[in-house]
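Biologist: I would like a close look at a single part of this model. Please take the surroundings of the ligand and work outward from there.

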Amino acid sequence: MIIAVDGPTASGKGTIAKALAAHFGLPHLDTGLLYRAVGRQVELSGGDPNSEDDALAACAFPEALLSDPELRSEATGGLASRVSVHPSVRKALYERQRSFATQPGGAILDGRDIGTMIAPDADVKLFVLASVEARAQRRFNEMQQQGRKVTLDEIATDLAQRDARDRTRKEAPLRAADDAVLLDTSHLGRDDAIAAAVAAVEAKA
Ligand code: C5P
């Protein structure tokens, strides 16, 4: 069984994908992490994330970079969304994602274009969404727990910018596949969101 989970930043897709992987015993790939690694590698090598050549060169990042805690930061998320607009970067990361998706026994992947580009043949496609307000509030709570100093306004502005970039880019823009099940988590707590996702998968599979 291949499960594709797509959605914007802080929609809850990562939490849902992890929980589904545990529930159904499937290997899970957070594809955003690959773009984050490319963004971070550009930064470490002193390149420009808006330069397609610099970003493509950074696709050869060392594997150890994937466990760098800095990959989870907002700043790296911003870099990831810049490098991810370049077609050659998306192409360079395609094969790795595609072979993960098609491994025997199935897999679950979360990202922006899993249901549309990486695994258009997925058995179940979920598109997880939530209002900007709900997403900003979640991110704000996370940041506060980590002791990071940011305001709710700054987070909301950053999310809206990142959404706009992801939705309007030419290559593989963020959008729900025609056959995706929409899951709005704006008013759902963590457990209810997971339960709704499990039910959606069971109904489709
Ligand atoms: O999901 P996450 O916030 O970690 O993704 C970081 C950025 O990587 C996104 O804003 C998006 O621009 C890019 N991305 C993408 N395609 C994916 C996953 C992430 O373009 N499949």
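By class, how many nonpolar, polar and charged residues does the shell around the ligand have?

Modeller: This is a predicted model. By class, the shell around the ligand has two nonpolar, seven polar and five charged residues. There are 14 residues around the ligand, and those that come nearest are Gly-32, Tyr-35, Ser-81, Ser-84 and Gly-111. Three elements give two or more residues to this shell: α2 (32-44), α4 (74-83) and α8 (152-168).

Two of these elements, α4 and α8, also meet each other. Their axes come within 10 Å and cross at roughly 20°. With an angle under 35 degrees counting as roughly parallel, α4 is therefore roughly parallel to α8. The crossing of the two helices is left-handed. On the α4 side the contact is made by Glu-74, Gly-77, Gly-78 and Ser-81, and on the α8 side by Asp-158, Arg-162, Arg-165 and Asp-166. By class, this contact of α4 with α8 has no nonpolar, three polar and five charged residues. Ser-81 belongs to this contact and is also one of the residues that come nearest to the ligand.

Gly-111, another of the nearest residues, leads to the sheet, since strand β3 covers residues 107-111. The sheet is open, with five strands paired in parallel in the order β2-β3-β1-β4-β5. β2 (28-30) and β5 (181-184) stand at the edges with a single partner strand each, so one side of each has no neighbour in the sheet. β2 pairs with β3 over three bridges, in the parallel sense, and Leu-29 has Leu-109 in β3 as its bridge partner.

Note on methods: Residues are numbered from 1 along each chain as its sequence is written. This is a predicted model: local features need pLDDT of at least 70, side-chain atom pairs count only at pLDDT 80 or more; totals for chains, interfaces and linings use all residues. Two strands pair if DSSP finds at least two bridges between them. Helices (H or I, at least four residues) and strands (E, at least two) are DSSP runs, numbered from the N terminus. A residue is near a molecule or strand if its C-beta atom, placed from the backbone, lies within 6 Å of it. Ala, Val, Leu, Ile, Met, Phe, Trp, Tyr, Cys and Pro count as nonpolar, Asp, Glu, Lys and Arg as charged, and the others, Gly among them, as polar. Axes are lines fitted to C-alpha atoms, for helices over the stretch in contact, and angles run from 0 to 180 degrees between N-to-C directions. Angles under 35 degrees count as roughly parallel, over 145 as roughly antiparallel, 65 to 115 as roughly perpendicular and the rest as oblique. A crossing is left-handed if the near helix is turned anticlockwise from the far one by less than a right angle, and right-handed if clockwise. Two residues are in contact if their C-beta atoms, placed from the backbone, lie within 7 Å.
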